Amino acid sequence: MSRLQAGKHRTTDILSSQKLFQSFCSSPLGEITLVAHDSALVCLWIDGQEHYAHSFPLVQASIQETPVLTQTKSWLNAYFRGENPDPHRLPLDPSGSEFQLAVWRILATIPYGTLTTYGAIAKQVAREFHKPKMSAQAVGGAVGRNPISIIVPCHRVVGATGNLTGYAGGLDKKRFLLQLEGVDLTQFK
């Protein structure tokens, strides 16, 4: 996952100097917007998602298919067919703070069809930053601002009591994605 694994901090200000390409993909969740630069995907939003294109230079993105966007659409099509495509085969390059990137790297390690909690992620981030503890709420904020939904699976994070809390795309979409992955949702309200 290129830069996501490397953990180099970059903000959207730096992206504004790069040529960006935008494409759209139909899905069972509605239209999905994809944005990439010449070598990696930088954003994937579900229509109506909270923080959609927040502080992002979409006006600079040319509507054009590129190899990265075509590869991402192929991955999404396989995913929505109920397959488990390998997200590590996609070149990803999200922009965010050092803390956000750390959270997103952890999200990227959550296996298909499994769940974790905000608290568990907070413990991992605390270890990474050599801190005694980290706020689960701060982790929730970073999870909610994940710019590459579905592929960086923020939908696999639940509350401490196992409840389906918060999802920038909406809880109905979170339920859909988890059911698609075979997660038994009968335990959730």
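Trainee: In this predicted model, which residue just after α5 takes a positive phi?

Mentor: The model is predicted, so only local features with a pLDDT of at least 70 are considered. Helix α5 spans residues 118–128. Just after α5, a positive phi of about 55 degrees is taken by H130.

Trainee: Which residues of helix α5 are buried, and what arc do they cover around the axis?

Mentor: The buried residues of α5 are Y118, I121, A122, V125 and A126. They lie on the same side of α5, because the arc they cover around the axis is only 140 degrees.

Trainee: Which exposed residues does α5 carry on the face turned away from its buried side?

Mentor: The buried side of α5 has a cover that includes α4 (98–107), β5 (116–117), α6, β6 and α7. The face turned away from that side carries exposed residues, namely K123 and R127.

Trainee: Where is H37 found, and between which strands?

Mentor: H37 has a relative accessible area of 4%, and therefore counts as buried. As for its place in the chain, H37 is found in the loop between β2 (32–36) and β3 (41–46).

Trainee: With which side chains does the side chain of H37 make polar contacts?

Mentor: One polar contact, of 3.5 Å, joins the side chain of H37 to that of D38. Another, of 2.7 Å, joins the side chain of H37 to that of D93. The partners are thus D38 and D93.

Trainee: How many salt bridges does the structure hold?

Mentor: Among them is the pair K73 and E65, with the closest N and O atoms 2.6 Å apart. Another joins the side chains of R81 and E83 at 3.0 Å, N to O. The structure holds salt bridges to the number of four.

Trainee: Is K73 buried or exposed?

Mentor: K73 forms its salt bridge with E65. The partner E65 is partly exposed, at a relative accessible area of 41%. K73 has a relative accessible area of 18%, and because buried means under 20%, K73 is buried.

Trainee: Is R81 buried or exposed?

Mentor: E83, the salt-bridge partner of R81, is partly exposed with a relative accessible area of 38%. R81 has a relative accessible area of 55%; since exposed means over 50%, R81 is exposed.

Trainee: How many residues apart are R156 and E181?

Mentor: R156 forms a salt bridge with E181, the closest N and O atoms being 2.8 Å apart. The pair links distant parts of the chain: R156 lies in the loop between α6 (136–144) and β6 (157–158), and E181 in the segment after α7 (171–180). Both residues are buried. Along the chain, R156 and E181 are 25 residues apart.

Trainee: How many disulfides does a search of the whole structure find?

Mentor: A disulfide is a covalent bond between the sulfur atoms of two cysteines. C25 is buried at 6% relative accessibility, and C43 is buried at 2%. The number of disulfides found in the whole structure is zero.

Trainee: How many helices and strands are in the protein?

Mentor: Along the sequence, the pattern reads α-α-β-β-β-β-α-α-β-α-α-β-α. The protein has 189 residues, of which 51% count as buried. Its elements are seven helices and six strands.

How values were computed: Residues numbered from 1 in each chain as written. Predicted model: local features only at pLDDT ≥ 70, side-chain atom pairs only at ≥ 80, totals over all residues. Heavy atoms only, no water. Helix = DSSP H or I, 4+ residues; strand = E, 2+ residues; numbered from the N terminus. Buried < 20%, exposed > 50% of the residue type's maximum accessible area, 1.4 Å probe, protein only. Disulfide = S-S within 2.5 Å. Arc of directions from axis to C-beta. Contact = heavy atoms within 4.5 Å. Polar contact = N/O pair within 3.5 Å; in protein donor to acceptor, adjacent residues only side chain to side chain.
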